[in-house]
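User: I am new to this structure and would like a close look at one part of it, namely the charged and histidine side chains around a few of the helices. Please take me through it step by step, and explain each term as you come to it.

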Amino acid sequence: MTLLTTSVVLALVWFATIGILTSAMVWVAARIIDAQSVQLRPDVLLALRLAPSAAGLGFVVTIFLPAHWLFESPGTPESFGFVLRAIAGTTLAIVLRTILRGGIVAVHSIALRRSLRGRPIATGELPAPDALEVEGLTGLSLAGFFHTKILVGATARQALTDAELDVALAHERAHRRAWDNLKRFAVFCAPDLLGLSRGGRQLEQAWNAAAECRADALAVGGDPTRAVNLASALVKVARLADRSPAHTGSILWSMFHHKGLLETRVRRLVDGPSAPRPLRLPIVSLATASALTTLAALWMASV
């Protein structure tokens, strides 16, 4: 078995092993966060969600492959049992699924954005050269991943006042500055098993909610009038979405209106955000996470 083949097989095994260990720790953290209703910053939640794949890739690239190529002699006879082959094959299938999934979504998003052509929004009081008014779209959406454009449905443009549209566009610009579409793409394509668990899905939902609330806060900028206008725009777009069968955009585009978050966002805008709760780590969960980390460190050191 060639050095390249052994490198690929063992790299896939190590990627899966580190990913599973990290997923277990993240799962414990997600359960604690959900049980205590702790509000964390979106960047922290995103780091937790992407930790398994990032840890696995980081270990393989920075530790395993350099050590393997440095100390393993080419031509050394190697044989792997059924378990290692099965782990490597399963991991390879997950990686290929990630590539295929990402490619399909990217192509669909590009085609959808090209099909939703419109005219720039530019009134006397509200110049918005980065926004397009399009037919066949419900609400507002930040389209694309790198060269983004704000798409405004024609019905939403007619329903919103200039002040409401202004703060709604500011909300989508906040998503653009935070690269939230690209982050959503990374979460959607993460090559791990955490996304199949309840804890992983809770982290994704918590990150999405935190990202929307952060964009609301940046759009409002502490101005009570803008907060009321944004809340009004949310309610109007929500009503349009309930009545209209029009397209809402790609699943990975930042959408102005999320039905499940409507009440939470409106309350935060009208009443102000609640005080964050401190995170309390139960001793059992902390001990479990520490034990898993120690075992992983010892295992890597022995190898």
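Analyst: A good place to begin is helix H9, where Arg267 and Glu263 both lie, 4 residues apart, which is about one turn of the helix; helices (H or I, at least four residues) and strands (E, at least two) are DSSP runs numbered from the N terminus. The model is a predicted one, in which local features need pLDDT of at least 70 and side-chain atom pairs count only at pLDDT 80 or more, while totals for chains, interfaces and linings use all residues. Residues are numbered from 1 along each chain as its sequence is written, and side-chain values use heavy atoms, with hydrogens and water left out.

Arg267 and Glu263 form a salt bridge, their closest N and O atoms being 3.1 Å apart; the term stands for a side-chain nitrogen of Lys or Arg within 4 Å of a carboxyl oxygen of Asp or Glu. Glu263 counts as exposed because its relative accessibility is 52%, where exposed means over 50% relative accessible area, buried under 20%, and partly exposed in between, with a 1.4 Å probe and protein chains only. Elsewhere, salt bridges that share partners join Asp43, Asp180, Lys183 and Arg214 into one network, and the count of salt bridges comes to 11.

Just ahead of helix H9 (262-271) is a loop that follows strand E5 (254-255), and His258 lies in this loop. A polar atom of the His258 side chain lies 3.0 Å from the backbone oxygen of Met255. If residues up to four places away in sequence are not counted, His258 touches Asn208, Glu212 and Arg265, where contact means heavy atoms within 4.5 Å.

A second histidine, His171, lies in helix H5 (residues 162-177). With a relative accessible area of 0%, His171 is buried. Leaving aside neighbours within four places in sequence, His171 is in contact with Glu212, Ala215, Asp216, Ala219, Phe256 and Arg265, so that Glu212 and Arg265 appear among the contacts of both His171 and His258. The side chain of His171 also makes a polar contact of 3.1 Å with the side chain of His175; such a contact is a pair of N or O atoms within 3.5 Å, of which, within protein, one must be able to donate a hydrogen and the other to accept it, and residues adjacent in sequence count only if both atoms are side-chain atoms.

Charged side chains appear in this region as well, for Asp162 and Arg157 meet in a salt bridge at 3.6 Å, N to O. Arg157 is buried at 13% relative accessibility, whereas Asp162, at 29%, is partly exposed. Glu164 and Lys236 also meet in a salt bridge, at 2.9 Å, N to O. This pair links distant parts of the chain, with Glu164 in helix H5 and Lys236 in helix H8, 72 residues apart. Glu164 is buried at 5% relative accessibility, while Lys236 is partly exposed at 26%.

Helix H8 (residues 224-243) also holds Leu240, which counts as buried because its relative accessibility is 12%. Not counting residues up to four places away in sequence, Leu240 touches Thr138, Thr155, Ala156 and Ala159. The C-alpha atom of Leu240 is 7.4 Å from that of Gly139, although the two residues are 101 residues apart along the chain.
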